[in-house]
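Here are my notes on the model you sent over. Have the viewer open beside you and click through the residues as you read.

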Amino acid sequence: MYDFIFFTNVLRILEERGMTKQELSKRSGVSISFLSDLTTGKANPSLKVMESLATALGVALPMLLESTDMDRKTLEELAGHPAIKSLPAGYERVTAVLPEHKAFIVKKWNDETKKKLEEKK
């Protein structure tokens, strides 16, 4: 499942930046043939390759793995299996870029939620 999230995010960021696969290949040191296989879902990159691509794209690696524009149903259909849920019903993990003062509030909410989830165990 994460392979689909990863390669669709790589393709999306390439498009947003107006960057070609050839440019990404040069910047990251990842061969163009492997990059082509990766962006069609035929290759499984190592953590080192994922990190090189994230650096070349100018994004943090977690951003390439955590968020996606695809809805859960589409993602599960592509992967051929249901997504593993790590949170109980009614909870959702999100990633956001916020100014420090707003991030402070969100971190407090996160801490409170973690405490509630620990109490439920």
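1. Which residues are exposed on the other side of H4? They are Leu-47, Lys-48 and Thr-55. Before we go further, keep in mind that this is a predicted model. Now turn H4 around: the helix runs over residues 47-57, and its buried residues are Val-49, Met-50, Leu-53, Ala-54, Ala-56 and Leu-57. These buried residues sit on the same side of H4, because they cover an arc of only 165° around the axis. So you can read this helix as having a buried side and, on the other side, the three exposed residues just named. Right after H4 comes Gly-58, and its phi is positive, near 75°.

2. Now zoom out. The protein has seven helices and zero strands, so if you write down the pattern along the sequence, you get α-α-α-α-α-α-α. There are 121 residues, and 27% of them count as buried. The exposed surface comes to about 8900 Å², with carbon and sulfur atoms supplying 55% of it. As for how the chain meets itself, take the contacts between residues at least 6 apart in sequence: 59% of these join residues at least 24 apart.

3. Next, have a look at the inside. The largest nonpolar core has 19 residues. If you want to find the ones with the most contacts inside this core, select Phe-6, Val-10, Leu-24, Leu-53, Leu-57, Leu-61 and Leu-64. At least two residues each come from helix H1 (2-17), helix H3 (32-38), H4 and helix H5 (61-66). Which helix gives the largest share of this core? That is H4, with six residues.

4. Val-10 is a good residue to click on, being one of those with the most contacts inside the core. Leave out its neighbours within four places in sequence, and Val-10 is in contact with Leu-24, Thr-39, Leu-57 and Leu-64. Of these partners, Leu-57 is also among the buried residues of H4.

5. On to the charged pairs. Side chains of opposite charge can pair when their charged atoms come close. How many salt bridges does the count come to? The count is two. One joins the side chains of Arg-12 and Glu-16, at 3.0 Å from N to O. Both residues lie in helix H1, four residues apart, which is about one turn of the helix. Arg-12 is partly exposed, at a relative accessible area of 26%, whereas Glu-16 counts as exposed, at 53%.

6. Glu-23 and Arg-27 also form a salt bridge, and here the closest N and O atoms are 3.8 Å apart. Why is the separation between Glu-23 and Arg-27 about one helical turn? Because they are four residues apart in helix H2 (residues 21-28). Glu-23 counts as partly exposed, at 32% relative accessibility, and Arg-27 as exposed, at 54%.

7. Don't skip the loops. Asn-44 is in the loop between H3 and H4 and counts as exposed, with 63% relative accessibility. Along the chain, Asn-44 and Asp-3 are 41 residues apart, but their C-alpha atoms are separated by 7.1 Å. Setting aside residues up to four places away in sequence, Asn-44 touches Asp-3 and Phe-34.

8. Arg-93 is another loop residue to check. Look for this arginine between helix H6 (72-79) and H7. Is Arg-93 buried or exposed? Arg-93 is exposed, because its relative accessible area is 56% and the cut-off for exposed is over 50%. Arg-93 and Glu-66 are 27 residues apart in sequence, and 8.9 Å apart in space from C-alpha to C-alpha. Apart from residues up to four places away in sequence, Arg-93 touches Ser-86 and Leu-87.

9. Last point: the surface has a nonpolar patch for you to colour in. The patch is about 490 Å² and is made by Leu-98, Phe-104, Ile-105, Val-106 and Trp-109. Among these, Ile-105 is found in helix H7 (residues 100-120). Ile-105 is partly exposed, with a relative accessible area of 39%.

Definitions and conventions:
Residues numbered from 1 in each chain as written. Predicted model: local features only at pLDDT ≥ 70, side-chain atom pairs only at ≥ 80, totals over all residues. Heavy atoms only, no water. Patch = residues over 30% accessible without salt bridge, like charges linked within 9 Å, V, L, I, M, F, W, Y side chains within 5 Å. Areas by Shrake-Rupley, 256 points an atom, 1.4 Å probe, with all protein chains shown as cover. Salt bridge = Lys/Arg side-chain N within 4 Å of Asp/Glu carboxyl O. Buried < 20%, exposed > 50% of the residue type's maximum accessible area, 1.4 Å probe, protein only. Contact = heavy atoms within 4.5 Å. Arc of directions from axis to C-beta. Core = buried A, V, L, I, M, F, W, Y, C linked by side-chain atoms within 4.5 Å.
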